[in-house]
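Welcome to a short set of exercises to work through at your own pace. Keep the sequence and the structure open beside you as you go.

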Amino acid sequence: MASIPHSQVGFFRSSASDLFGSTGDGVSGIPLKTLGRARFSRERRGFTVTAKLRKVKKHDYPWPRDPDLNVKGGPLIHLSPFKPLKEKPKPVTLDFEKPLVEIEKKILDVRKMAEKTGLDFTNQIISLEKKYQEARKDLYTHLAPIQRLSVARHPNRPTFLDHVFSITEKFVELHGDRGGYDDPAIVTGIGTIDGRSYMFMGHQKGRNTKENIQRNFGMPTPHGYRKAMRMMYYADHHGFPIVTFIDTPGAFADLRCEELGQGEAIANNLRTMFGLKVPIISIVIGEGGSGGALAIGCANKLLMLENAVFFVASPEACAAILYKSAKEAPKAAKLLKITAPELCKLRIADGIIPEPLGGAHQDPAWTSQQIKFAINKTMDELTKMDTETLLKHRMRKFRKIGKVKEGVPIDPIKKVNMKKKELIDLRPLNLELEAEIEKLKKQILKAKESSTTPSEVALTQMIEKLEKEVDHEYAEAAKTMGLNDKLKKLREEYSIASEDEPTDPVLIDKIEKLKNEFNQGLSAAPNYGRLKYKLDLLKEFSEAKSLSNAAPLKQEVNKKFKEVMDRPDIKEKIEVLKALVQNSGASSFGDLDQELKDRVVEMKQVIEMEMINALKSIGLDAEVVKSNTKAFSEKTPLSLVRSEVDNLNGEINKKIEDIVNSSDLKNMIESLKLELAKAAKTPNPESKSKIASLEQQIKQKLSKALSSPELKRKHESLKAEISEVVESPAGSPKNLKQDSLKHKESRVEINVGTNSSFA
């Protein structure tokens with residue numbers, strides 16, 4: 001490297017900017033281009049000062065060499081680094097658009113064939129183009145949520161700055177958070193629309209890979225949100241309305257951003273926006289993800305482009321959390337309600353800005369004009385409000401999101417936008433079946449009064465219908481208890497088991513466990529009231545049918561018994577025995593002498609044998625069954641049984657009083673009274689549901705208290721004593737003489753088929 005001598009060297013000065021000046025003794029007037037990598041050195045008093053010029057990359061300033069002063073937006077537009085792309089973006093085909101591409105390819109093939117052959121394919125081309133337009137219209141008017149998400153993320157979709165430069169007459173970008181950094185993912189600036197000044201701010205994505213890396217794919221850091229907050233304060237101070245454009249997957253979530261306070265920056269923005277005294281409009285132009293979107297989205301009005309989406313978590317993230325697989329994203333997108341129409345129904349978004357068919361990237365200029373029209377219309381509405389009204393309007397917009405009122409009738413207009421509630425049908429039966437039941441009940445009652453039998457066919461049909469109803473109710477109860485899967489699995493295991501081999505004990509144990517689980521939870525099922533009502537009806541009609549079947553047989557048996565007892569020889573023997581018993585003066589069967597006892601037993605056996613022969617004559621199989629009842633003299637006196645019954649009733653009543661006086665049940669009864677009073681004034685399905693639920697809870701409380709082991713033991717003991725007295729051949733001691741011959745230590749049992757018997 002040559003050393004430049006101390007003496008002054010002169011060069012031709014081409015321009016002031018190209019000269020390297022010095023105020024002291026040294027080199028002056030040397031062009032930098034000439035110096036290149038030259039090394040300067042100056043020796044003085046034993047030391048040397050050396051300077052080396054490093055060649056650096058020339059900075060690409062946005063200001064052009066020949067600026068157009070009449071450019072749209074004014075000459076300050078040249079300061080923005082956002083310039084039109086030199087190359088047109090390459091077309092991108094989304095997955096669901098592939099059928100349209102195939103039709104386009106067919107149209108091109110037909111046109112090429114027409115050019116090569118010279119034949120006329122006009123009709124075919126017109127037909128294919130018509131088919132293409134119809135398919136395109138049908139596709140984009142029925143997009144699924146996940147498809148709208150794909151359109152919102154389209155690489156060629158116009159960005160925030162594309163729209164701003166299209167809709168503003170003048171726009172100048174403002175930079176920096178005054179904290180040492182300017183985040184390119186959030187752009188802010190002042191612009192005018194139709195002579196009205198606005199503060200614009202929004203997320204900025206890139207239009208190609210290079211820009212996306214520079215803009216961090218539209219994911220802001222804390223510096224970006226602090227820059228936005230600084231501009232909000234600026235707009236509030238100068239009275240500029242604020243328009244924000246949302247288009248971000250979410251705030252950047254790396255370690256550095258968390259260290260710099262990402263959450264704190266977003267929270268500060270939320271708090272600040274609710275206190276700004278100027279109108280705020282937010283427009284979702286692409287995807288609005290989580291808090292990163294909300295940090296500049298707390299506005300008086302939230303507008304969305306037709307294919308934009310707004311979500312708390314991306315469908316892919318939601319699917320990974322809920323379904324453990326990102327492949328379930330379409331299902332998650334549907335459940336998240338992320339599209340503009342669904343968010344308008346939920347009153348989160350306030351309006352939809354239309355897009356051209358196929359998405360905003362098909363005609364960005366037209367989309368921008370729609371945004372401009374929406375801004376003017378909404379701002380005209382908001383500027384009419386005073387400051388206090390504006391702040392309350394913004395607060396109420398967010399306070400009403402997710403608001404629920406219980407026990408209050410829903411406004412019909414609001415009810416349209418709400419999810420349909422699965423109401424439990426409180427009617428025990430449908431009207432048609434209920435009418436049939438009432439008709440059949442009248443027939444049964446009429447048959448009892450006239451000593452005839454009701455129609456067996458009608459009873460059989462009704463029982464079949466009720467059995468189906470009961471099966472349906474059991475299935476519904478199992479469904480509400482969440483036992484359907486277990487039941488299905490058990491059915492499959494049982495069907496696999498071989499019929500020839502004994503059932504596996506493990507399978508039997510599983511069935512028993514499921515049965516116990518079902519029985520325990522049945523009373524808490526919503527349809528338990530209907531099920532119990534239908535079971536009672538089924539039992540009632542089944543008993544009526546069994547009685548109607550037994551009535552002719554009973555009449556026949558009674559007829560045969562009368563024939564036997566009316567025979568002269570039997571009558572004569574009975575009369576002789578009666579006279580002997582009366583003359584003996586005995587007060588009970590035990591007081592009779594042995595000879596008279598033997599004659600009574602002998603007479604009883606004769607009557608039994610005659611009765612058996614008579615029954616066999618009508619095709620009935622009869623046999624004598626020994627009775628295990630005690631002698632009447634050993635029975636518990638009826639008066640004592642009655643006193644025990646009274647004592648038990650008193651104990652039960654006391655127990656009921658104690659339960660009713662308890663605070664828990666008292667509150668339930670008071671609630672029931674209030675609901676009954678409300679239902680009397682304004683009856684509705686909700687009040688009926690509450691009344692049924694309260695009644696069921698009260699019944700369960702009483703049933704639980706009355707099913708104590710002590711009461712059960714006393715009841716069973718008393719029941720056994722009463723049954724012994726009732727089964728006694730004599731009703732009371734004073735009737736012994738008249739009924740002594742009717743006392744039997746055995747009875748005749750008649751088998752009628754395999755499942756029933758008549759005694």
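The exercises below go from the whole chain to single residues, and they rest on a predicted model.

**Exercise 1. The whole chain**

Task: Describe the protein chain by its secondary structure, its burial, its contacts and its surface.

Solution:
- Step 1. Begin with the secondary structure: the protein chain has 28 helices and 15 strands.
- Step 2. Turn to burial. Of the 759 residues of the protein chain, 34% count as buried.
- Step 3. Look at how contacts span the sequence. Taking contacts between residues at least 6 apart in sequence, 69% join residues at least 24 apart.
- Step 4. Finish with the surface. The accessible surface of the protein chain is about 48500 Å², and carbon and sulfur atoms account for 54% of this surface.

**Exercise 2. Three salt bridges**

Task: The structure holds 22 salt bridges. Work out where the partners of K227, K392 and D95 lie and how exposed the residues are.

Solution:
- Step 1. Start with K227, whose side chain meets that of D182 in a salt bridge with an N to O distance of 2.8 Å. This pair links distant parts of the chain: K227 belongs to helix α7 (residues 222-238), while D182 sits in the loop between β5 (170-174) and β6 (186-193), 45 residues apart.
- Step 2. Assign burial to this pair. Buried means under 20% relative accessible area, so K227, at 1%, is buried. D182 has a relative accessible area of 29% and is partly exposed.
- Step 3. Go on to K392, which forms a salt bridge with E388 at 3.5 Å, N to O. Both K392 and E388 lie in helix α15 (residues 387-399), 4 residues apart, or about one turn of the helix.
- Step 4. Assign exposure here too. Exposed means over 50% relative accessible area, so E388, at 53%, is exposed. K392 has a value of 37% and is partly exposed.
- Step 5. Close with D95, whose side chain meets K98 in a salt bridge of 3.8 Å, N to O. D95 counts as exposed at 62% relative accessibility, and K98 counts as partly exposed at 46%.

**Exercise 3. A negative patch**

Task: Find the residues of a negative surface patch, and explain how D593 meets the exposure cut-off for patch members.

Solution:
- Step 1. Name the members: D593, E595, D598 and E602 form the negative surface patch.
- Step 2. Place D593 in the fold. D593 is found in the loop between α22 (568-584) and α23 (594-617).
- Step 3. Check its exposure. Patch residues need over 30% relative accessible area, and D593 meets this cut-off because its value is 46%. With that value, D593 is partly exposed.

**Exercise 4. Positive phi values**

Task: What are the phi values of N216 and S290, and where do these residues lie?

Solution:
- Step 1. Take N216. Its phi is near 60°, a positive value in a residue other than glycine.
- Step 2. Locate N216: this residue is found in the loop between α6 (209-214) and α7.
- Step 3. Take S290. Although S290 is not a glycine, its phi is positive, at about 55°.
- Step 4. Locate S290: this residue lies in helix α10 (residues 290-294). Its relative accessible area is 39%, so S290 is partly exposed.

**Exercise 5. The surroundings of R148**

Task: Is R148 buried or exposed, and which residues is R148 in contact with beyond its neighbours within four places in sequence?

Solution:
- Step 1. Place the residue: R148 lies in helix α4 (residues 145-152).
- Step 2. Apply the cut-off. Buried means under 20% relative accessible area, so R148, at 10%, counts as buried.
- Step 3. List the contacts. Leaving aside neighbours within four places in sequence, R148 is in contact with Y140, L143, E306, N307, V309 and T339.
- Step 4. Add a C-alpha distance. R148 and A308 are 160 residues apart along the chain, and their C-alpha atoms are separated by 7.0 Å.

How values were computed: Residues numbered from 1 in each chain as written. Predicted model: local features only at pLDDT ≥ 70, side-chain atom pairs only at ≥ 80, totals over all residues. Heavy atoms only, no water. Patch = residues over 30% accessible without salt bridge, like charges linked within 9 Å, V, L, I, M, F, W, Y side chains within 5 Å. Areas by Shrake-Rupley, 256 points an atom, 1.4 Å probe, with all protein chains shown as cover. Salt bridge = Lys/Arg side-chain N within 4 Å of Asp/Glu carboxyl O. Lys, Arg positive; Asp, Glu negative; His and termini not counted. Charge placed at Lys NZ, Arg CZ, Asp CG, Glu CD. Helix = DSSP H or I, 4+ residues; strand = E, 2+ residues; numbered from the N terminus. Buried < 20%, exposed > 50% of the residue type's maximum accessible area, 1.4 Å probe, protein only. Contact = heavy atoms within 4.5 Å.
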